[in-house]
Amino acid sequence: MIVLLAFTLIPSCDVEDDPYLVPEGKPGPGPDPTEKVRKLLLEEFTGHTCVNCPEGAMLAHDLKNQYGEQLILMSIHAGAFAEPSTAPYTADYRTQAGNDLNAYYNVLFYPSAMINRTKYNSQYALFTGVWQDAIEALINLPPDAHIDLSLEYEAITRTLTGNVSVEFLNDFTCDFNICFYLLESGIISAQKNDNSSVGTVPEILDYEHNHMLRDAYNGAWGTEIAAGGVSAGQVETTTFTMTLHDGWNQENCAIVAFVYNATTKEVVQAEEKEVM
Amino acid sequence: MKKIIIIGLLLGMIFPLRGISQSFLENGQVHGNFQIDGAYYGEDSKLGITDSSLNGKYFRMNAFGNIAYTNGNFEAGLRFEAYLPPLAGFDPAYEGAGIPYYYVKYKWDKLELTAGNFYEQFGNGLILRAYEEWQLGYDNSIRGFRAKFQPVTGLTLTGLIGTQRYYWEPYQEGNRGIVRGFDADLYLNDLLPFLKGSKTQITLGGSFVSKYEKASKKTISRDSIQDTVVTKYIFSYKIPENVAAYAGRMNLTHGGFNLTAEYAYKINDPSEFNDYIYKEGQALFLSMSYATKGLGISLSGKRTDNMSFKSKRAEIGNVLDINYLPPLTKQHTYSLATIYPYATQPLGEMGIQGQIMYTIPKKSALGGKYGTQIELNYSNIRSIKKEQVSADIPIDSTGTKGYKSPFFTLGDERYYEDFDIVITKKFSSKWKAIVSYINQLYNIAVVEGHAGDPKVHANIGILDITYKITPTKSLRMEAQGLFTDQDRGSWAMGLLEFNIAPKWFFTVMDEYNYSNPDEEMQLHYYSGNIAYVEGATRISIGYGRQREGLLCVGGVCRQVPAANGFNITISSQF
């Protein structure tokens, strides 16, 4: 056995030649707006004193470049690295919904991300090395639902009204909940960093925080949209109205609506729309 | 149940059922050990521990039980573990209970076969070391087959194949790789007639390890700018599915003198840990020592360059390491000396360590009636020098060779420096003292990821005095001080330990962070502990507050969170 093993080891070397990156072409044009495709939600847990998080955000952004509209990003500031600290880290970007998710999914390292709140290799909160693997495991699956989301924003009262229609594309026996999360991008604020290819080390004072979870209209766990199972073709509608905080820039805000299996908590479908 | 069936089948391969006789069971021996570590955590507002952060998990427990059966050349065993849930600071992915380790082994005249889980090391571990460290929550055992063959005296050949432990995850293609290894160890004094009986003993060795891991899609987008028009392109990484490493070593002993050298080389191994660069890895380890009565001197040096070697390329945690890189730093045991422990940097470091141990003879003027032991240690670890592979490729750029590194050039960054002197003296049959001074430099930005924080310069003084009240009762006192202007500031520590040999041990201790720059964190970390020992059984109960820190064993570290509460440990062996 030892001799056989010795001989099998000899060819066990894959030495790669430069160039190490093989061109695959440009990203695809993305789905037709009327086309029903599965869209995945990437919820990244982060914090402004987390030195590895800018690299995680850069990876998430790079995945967005590749998967386009099929990947929706969300940045959740929670945990010890999101706590306000001494200047210039006095801001508090935590939310009740983010804290609830951080605790429920037992997030212990940052950055980590959930992909559709679906376990990959028995874990919910995944480290950066497997984000693309987890996305690839789901992205090409046919959709189970389709979300139509329309928004109206009234500038004087800062009131945002949303109309949502959810069409289920398959039969299910479970209940479904729907969540409406408000995100804001373009927030300039300090961020610790230890990767010089991302920005200045040890901190980026004018770091641009994007896709930041600002509020969950109906809480971290949303509200019921379908109970006792659904049939293929069944359509459920709902509306919501929320007021944007004065400190949020409505031009950089977006709503993410997603439907999830109330038993497993796995996201079934997601949709994103800018406020303006 | 599944594992018991597997063990049964493995037994059946070696011993057909009709061959098992009453004598097989009668002549056998059963031995083992177990340990239970439990803790009940309480709230502590000063440490930021609240009911919410405890999340209902007030009582936590890590436990294991080893059992082995031996009968002549046959051995079988298993280890049961439970983390219900894991103690604070241990990876929550271990939560659960089961049998992660089981094996059968049989040794014939020249051949030993193991089926199941095993631990193994080739040379100094530079390309393969599978081991377990309970305190760290570290276990990278290999599950598969191993054969050791000695065709002639002095030549040992080892071959192995298997998959490494990954929490409780059964192996599936894609969740980690397969490890194969081969090692040859030649003791020349047995093989070469002219060396037989010589005072000079020479051992040569060579090893080859390869991992196979199925490639998964890994892509990156890059911008191309032409006439102010930015176009995105997608590139996929070439992923080598078979990554190999090989090493050569020698060991020479002549009287009290010993020389060890090992060199390792790893082919391209792009991974999450090295940000997907394609540079080869190298490691060199050298050690010389001399020992005679009353004197021991050793000098070691090492260089590692891109030598993280894991059986899962996407993994960045303390799991699935195929190899082990010696730290070349002293493993301190006094508590304040362990506040700044060094964690080996697999991506690149160079270091030296020198140690001298001398016993001033007893009944001499300096040595006194009982003699005096002096120990000196010096460690210095630095970065390696990195240069661009070409002018247009920044160092460590993903998807490139990464960098080039002149082999004998030191890098500019100091990672760790440690000078310490320890003097141990017994004054009389009742009094004994240990005095120690340590000077440490600790690059907290590199070792703990505190980017931007200044290096910690610490001076540490330790006084350890034991007074034997009676032949069975003794009192031990420790006083320690760590003095620094960086990080959490200075500490003072006091400990009293009262022992009633051989069964009872009582300890009270306090560590006081008296000069923490945050006045609210100038806290006392107090604790009390009672231990009882009866034969091979030890029971210990304690209460107190534990400071946040790092626990390192052999350069591999685990974060220890701050905690408050009761703890209990029960251990025994049979």
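Modeller: Two strands count as paired if DSSP finds at least two bridges between them. The model under discussion is a predicted one, and that criterion underlies a sheet of chain A. Strands S5, S6 and S12 form an open sheet of three strands in the order S5-S6-S12, with antiparallel pairing.

Biologist: What makes S6(A) and S12(A) a pair?

Modeller: Nine bridges join S6 (residues 159–168) to S12(A), and the two strands run antiparallel. The criterion asks for at least two bridges, so the pairing is established. One such position is A:Val164, whose bridge partner in S12(A) is A:Thr238.

Biologist: Which strands of the sheet S5-S6-S12 are called edge strands, and what makes them so?

Modeller: They are S5 (145–154) and S12 (235–243) of chain A, each of which pairs on one side only. From one strand to the next, the twist averages 15°.

Biologist: Why is S14 (residues 267–274) of chain A described as largely enclosed?

Modeller: A residue is buried if 20 or more other C-beta atoms lie within 10 Å of its own. Six of the eight residues of S14(A) are buried, so the strand is largely enclosed by the rest of the structure. For chain A as a whole, buried residues make up 39% of its 276 residues.

Biologist: How do you know that S13(A) and S14(A) pair, and what does the turn of their hairpin contain?

Modeller: S13 (residues 253–261) and S14(A) are joined in the antiparallel sense over seven bridges; the criterion requires at least two. In that ladder, A:Gln269 of S14(A) is the bridge partner of A:Val259. The hairpin has five residues between its strands, and A:Lys265 in the turn has a positive phi of about 70°.

Biologist: Which residues touch the most other members of the largest nonpolar core?

Modeller: They are A:Leu42, A:Met74 and A:Val259, in a core of 67 residues. Leaving aside residues up to four places away in sequence, A:Val259 touches A:Ala145, A:Ile147, A:Val166, A:Phe176, A:Ile178, A:Ile225, A:Val268 and A:Gln269. A second, separate core has 25 residues, including B:Leu128, B:Ile161, B:Phe208 and B:Ile322. In soluble globular proteins, nonpolar side chains tend to be buried together.

Biologist: Why are the buried residues of H4(A) said to line one face of the helix?

Modeller: The buried residues of H4 (residues 131–138) of chain A are A:Trp131, A:Gln132, A:Ala134 and A:Ile135. Viewed down the axis of H4(A), they fall within an arc of 160°, so they line one face of the helix. Their cover includes S2 (40–46), H2 (53–67), S3 (71–77) and S4 (112–115) of chain A.

Biologist: What makes the sheet formed by S1(A), S15(B) and S14(B) an open one with edges?

Modeller: Its order is S1(A)-S15(B)-S14(B), with antiparallel pairing. S1(A) and S14(B) stand at the edges with a single partner strand each, so one side of each is left without a neighbour in the sheet. Neighbouring strands are turned by 40° against each other on average, direction ignored.

Biologist: How do you know that S1(A) pairs with S15(B)?

Modeller: S1 (residues 21–25) of chain A and S15 (residues 229–237) of chain B pair in the antiparallel sense over four bridges. Since at least two suffice, the two strands are paired. In S15(B), A:Pro23 has B:Phe235 as its bridge partner, and A:Leu21 has B:Tyr237.

Biologist: How many bridges join S14(B) to S15(B), and how many residues lie between these strands?

Modeller: Eight bridges join S14 (residues 219–226) of chain B to S15(B), with the strands running antiparallel. B:Ser221 stands opposite B:Ile234 in S15(B). The two strands form a hairpin with two residues between them, and B:Asp227 in the turn has a positive phi of about 50°. H2(A) lies across S14 and S15 of chain B, running at about 75° to S14(B).

Biologist: How many residues does each chain give to the contact, and which strand supplies the largest share on the side of chain B?

Modeller: Chain B gives 48 residues and chain A gives 44. On the side of chain B that touches chain A, the largest share, seven residues, comes from S15(B). By class, that side of chain B has 22 nonpolar, 16 polar and ten charged residues.

Technical notes
Residues are numbered from 1 along each chain as its sequence is written. Chains are lettered from A and ligands numbered from 1 in the order in which they are written. This is a predicted model: local features need pLDDT of at least 70, side-chain atom pairs count only at pLDDT 80 or more; totals for chains, interfaces and linings use all residues. Axes are lines fitted to C-alpha atoms, for helices over the stretch in contact, and angles run from 0 to 180 degrees between N-to-C directions. A residue is buried if 20 or more other C-beta atoms lie within 10 Å of its own, exposed if 12 or fewer, and partly exposed in between; C-beta atoms are placed from the backbone. The arc is that of the directions from the helix axis to the C-beta atoms. Two residues are in contact if their C-beta atoms, placed from the backbone, lie within 7 Å. A nonpolar core is a set of buried Ala, Val, Leu, Ile, Met, Phe, Trp, Tyr and Cys residues joined through C-beta atoms within 7 Å. Ala, Val, Leu, Ile, Met, Phe, Trp, Tyr, Cys and Pro count as nonpolar, Asp, Glu, Lys and Arg as charged, and the others, Gly among them, as polar.
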